[in-house]
Amino acid sequence: MSIKLGVPSKGRLMEKTFDWFGERGITLGRAGSDREYAGRVEGIEGVELVLLSAGEIPRELAAGRIHLGVTGTDLVQEKLANWDQQVESLAEMGFGHADLIIAVPACWADVDGLDDLDAAAALFRARHGFRLRIATKYHRLVRDFLRDNGVADYQLVDSQGATEGTVANETAEAIADITSTGDTLRANHLKILSDGLILRSQATLFRSRKAQLSDDDRRVLGALVERLKID
Ligand SMILES: Nc1ncnc2c1ncn2[C@@H]1O[C@H](COP(=O)(O)OP(=O)(O)OP(=O)(O)O)[C@@H](O)[C@H]1O
Ligand SMILES: O=P(O)(O)OC[C@H]1O[C@H](OP(=O)(O)OP(=O)(O)O)[C@H](O)[C@@H]1O
């Protein structure tokens, strides 16, 4: 047996994760070409690298198929009910920062915060006969946040990408999505609600609370955590 470490298989998160481990003396890399999803680990024995979609890492951790995994806090909290019972956050890694926010058309002069959104939603329903639509892929986080903030008269519509475009395309009136520079929101004439921050996310190293560990695995995990200087 060995400790399985799940890392995003492409893009910004993968490269920065490789750098983060590299700075701590553990070299991660692809086994072969850029297209190959097998990984290699140098600098520690008994650790196996598994390259996965960032969006699948939460589920793999919760199922216990990987012992450790790197992904965004947004994806863990969205995809796992009672996420902290299934995984433990070991280290915030200082990259992949993104804020999950609610945004509305910049031209909605009367809507600044959630109370205004609630009022606009009631008006919208009375006028159009259906609920104001909020496009998102973060259904759990958005539903919980709006419930906790007393906004009820809306419906979520699923958007798995290019979410900011749904307002111009008239498939939604508002959106909930992640932003980092704010460029995509500005380009699509959207503004963030003044109290519309749902979650601050960053890349995080998680440990599965569900994965089985042999005595050897426990030793390797202890050594790895020590090497990564995690308290
Ligand atoms: N513009 C951004 N700036 C910083 N972090 C971002 C940005 N966009 C996404 N992220 C973060 O990266 C993670 C998502 O990465 P990625 O887009 O590779 O995942 P995914 O779309 O679920 O993966 P896949 O397409 O392989 O299923 C999330 O945790 C998110 O918060
Ligand atoms: O604030 P910004 O720096 O402009 O970044 C925000 C954008 O980045 C993400 O999209 P991504 O590139 O992952 O594509 P997606 O639309 O497929 O989610 C996110 O969904 C926003 O659209």
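The shell around ligand 2 has 2 nonpolar, 7 polar and 3 charged residues. The model is predicted. Away from the ligand, the briefing covers two nonpolar cores and one annotated domain.

**Ligand 2 shell**
- Glycine and alanine open the list of surrounding residues, as Gly161 and Ala162, followed by Thr163 and Glu164.
- The rest of the list runs Asp177, Ile178, Thr179, Ser180, Thr181, Gly182, Asp183 and Thr184.
- Two elements, β10 (174–179) and α8 (183–187), each supply at least two residues of this shell.
- β10 gives the most, with 3 residues.

**Largest nonpolar core**
- This core holds 27 residues. Leu5, Leu61, Leu68, Val87 and Phe206 touch the most other members.
- Strands β1 (3–8), β4 (47–52), β5 (68–72) and β12 (203–208) each supply at least two of its residues.
- Helices α1 (11–22), α2 (57–62) and α3 (73–79) also each supply at least two.
- The largest share, 4 residues, comes from α1.
- Beyond its neighbours within four places in sequence, Leu68 is in contact with Ile3, Leu5 and Gly6, and also with Leu205, Phe206 and Arg207.

**Second core**
- A separate core of 26 residues includes Val167, Ala174, Ala176 and Leu190.
- In soluble globular proteins, nonpolar side chains tend to be buried together.

**Annotated domain**
- An unreviewed UniProt entry carries the annotation "domain: ATP phosphoribosyltransferase catalytic" for residues 54–229.
- That span is 36% helix and 30% strand. Its end C-alpha atoms lie 24 Å apart.

Terms used: Residues are numbered from 1 along each chain as its sequence is written. Chains are lettered from A and ligands numbered from 1 in the order in which they are written. This is a predicted model: local features need pLDDT of at least 70, side-chain atom pairs count only at pLDDT 80 or more; totals for chains, interfaces and linings use all residues. A nonpolar core is a set of buried Ala, Val, Leu, Ile, Met, Phe, Trp, Tyr and Cys residues joined through C-beta atoms within 7 Å. A residue is buried if 20 or more other C-beta atoms lie within 10 Å of its own, exposed if 12 or fewer, and partly exposed in between; C-beta atoms are placed from the backbone. Two residues are in contact if their C-beta atoms, placed from the backbone, lie within 7 Å. UniProt positions are given in the numbering used here, feature names are shortened, and annotations may be inferred rather than shown by experiment. A residue is near a molecule or strand if its C-beta atom, placed from the backbone, lies within 6 Å of it. Ala, Val, Leu, Ile, Met, Phe, Trp, Tyr, Cys and Pro count as nonpolar, Asp, Glu, Lys and Arg as charged, and the others, Gly among them, as polar.
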